[in-house]
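Trainee: Please take me through a close look at the charged side-chain pairing in this model. I would welcome one connected account that also places it in its surroundings.

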Amino acid sequence: MKKYIVSFAALCAILALSSCTNNEPEVQAVRLDRNSLELVKGESVQLKASVVPEQEADFVWFSEDEEYVKVDPAGVVTAVGLKRADPASMEATPVKVYAKYRNGADECEVTVLPLMAQKIEILGEELVKIKQGESVTFDVKHYPEDADIKVVTWSTDYAVVAKVNKVTGVVTGMEPGFATIKASYSDKIYDVVTVHVEPK
């Protein structure tokens, strides 16, 4: 008889707890204000989440791959790095970010775009002297240094004096005189160096 009374008391307690829990409206859906984002590496955006039916909610935020996209407890998404299925390609693979509350969740696909260099600098002196027939290789530094796209095109204003390989930046002295060597990242982002070719 005592076992029955204890079991009945436990049942009453469980029902009481259930009735308290059922006072909260059932979550039909979680909704994000955006389901896709494109961010440049280093950029951050605030995502906003809501619940259907409308109610106060303490969302749990998480990313499927924090190496490339992070999200903080307030829903601020930050692009960390460019995720690529093919390392040789600049095509980005989206990373999903989730907002979860109770039995509901929603997701946003975040695509991290390549960070382009904002400035380039040809390393070394502004005036470089070489002899006829000699070659020199120029290197460039990109700013910011973690830029994803770093390909520059090399050119010369006077190929008779100094020719340059447009891909490698190797300059060869042809005839005595001066030539301006240019490293271009775009029409607005470039740097130049002067080459003085001296006679043998």
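Mentor: A residue counts as buried when its relative accessible area is under 20%, as exposed when that area is over 50%, and as partly exposed in between. The model is a predicted one, and the values below should be read as computed from it.

Let us begin with lysine 96. Its relative accessible area is 25%, so lysine 96 falls in the partly exposed class. Its side chain meets that of glutamate 107 in a salt bridge, with 3.4 Å from N to O. Because lysine 96 belongs to strand β8 and glutamate 107 to strand β9 (residues 104–113), this pair ties together parts that are eleven residues apart in sequence. Glutamate 107 is likewise assigned to the partly exposed class, because its relative accessible area is 29%. In general terms, side chains of opposite charge can pair when their charged atoms come close.

The structure holds five salt bridges, and another of them is formed by aspartate 65 and lysine 83, at 3.3 Å from N to O. This pair links distant parts of the chain, 18 residues apart: aspartate 65 sits in the loop between β5 (60–63) and β6 (69–71), whereas lysine 83 sits in the loop between β7 (76–79) and β8 (95–101). The two partners fall on either side of the 20% limit for burial. Aspartate 65 has a relative accessibility of 18% and therefore counts as buried, while lysine 83, with 22%, is partly exposed.

A further salt bridge joins the side chains of glutamate 198 and lysine 131, with an N to O distance of 3.5 Å. Glutamate 198 lies in strand β18 (residues 190–198) and lysine 131 in strand β11 (residues 127–131), which means that the pair ties together parts 67 residues apart in sequence. Lysine 131 has a relative accessible area of 34% and is partly exposed.

Strand β11 also contains leucine 127. Leucine 127 is partly exposed, its relative accessible area being 43%. Its C-alpha atom is separated by 5.8 Å from that of valine 195, although the two residues are 68 residues apart along the chain. When neighbours within four places in sequence are left aside, leucine 127 is in contact with Phe178, Thr194 and His196.

Strand β8, already met through lysine 96, takes part in aromatic pairing as well. A search of the whole structure finds four aromatic pairs. In one of them, phenylalanine 62 and tyrosine 98 are stacked, with 5.1 Å from centre to centre and 20° between the planes. Because phenylalanine 62 lies in strand β5 and tyrosine 98 in strand β8, this pair ties together parts 36 residues apart in sequence. Phenylalanine 62 has a relative accessibility of 36% and so counts as partly exposed. Elsewhere, ring pairs link Phe59, Trp61 and Tyr101 into a cluster.

Other strands complete the surroundings. Strand β10 (residues 119–122) pairs with β13 in the antiparallel sense over four bridges, and isoleucine 120 stands opposite histidine 142 of β13. Along β13 (residues 140–143) the side chains alternate: Val140 and His142 point to one face and are buried, while Lys141 and Tyr143 point to the other and are not. Such alternation between the two faces of the sheet is what a regular strand shows.

There is also an open sheet of three strands, in the order β12-β16-β15, with antiparallel pairing. Its edge strands, β12 (135–137) and β15 (162–164), each pair on one side only. The twist from one strand to the next averages 20°. Strand β15 is joined to β16 (residues 170–173) by three bridges, the two strands running antiparallel. Within this pairing, alanine 162 stands opposite glycine 173 in β16.

Finally, the chain as a whole gives the context. The protein chain has one helix and 18 strands. Of its 200 residues, 32% count as buried. Among contacts with a separation of 6 or more, 58% are between residues 24 or more positions apart; the salt bridge between glutamate 198 and lysine 131 spans 67 residues. The accessible surface of the protein chain comes to about 12,700 Å², and carbon and sulfur atoms account for 53% of it.

Terms used:
Residues numbered from 1 in each chain as written. Predicted model: local features only at pLDDT ≥ 70, side-chain atom pairs only at ≥ 80, totals over all residues. Heavy atoms only, no water. Pairing = 2+ DSSP bridges. Axes fitted to C-alpha atoms, helices over the stretch in contact; angles between N-to-C directions. Salt bridge = Lys/Arg side-chain N within 4 Å of Asp/Glu carboxyl O. Buried < 20%, exposed > 50% of the residue type's maximum accessible area, 1.4 Å probe, protein only. Contact = heavy atoms within 4.5 Å. Areas by Shrake-Rupley, 256 points an atom, 1.4 Å probe, with all protein chains shown as cover. Phe/Tyr/Trp six-rings, centres within 6.5 Å; stacked < 30°, edge-to-face > 60°.
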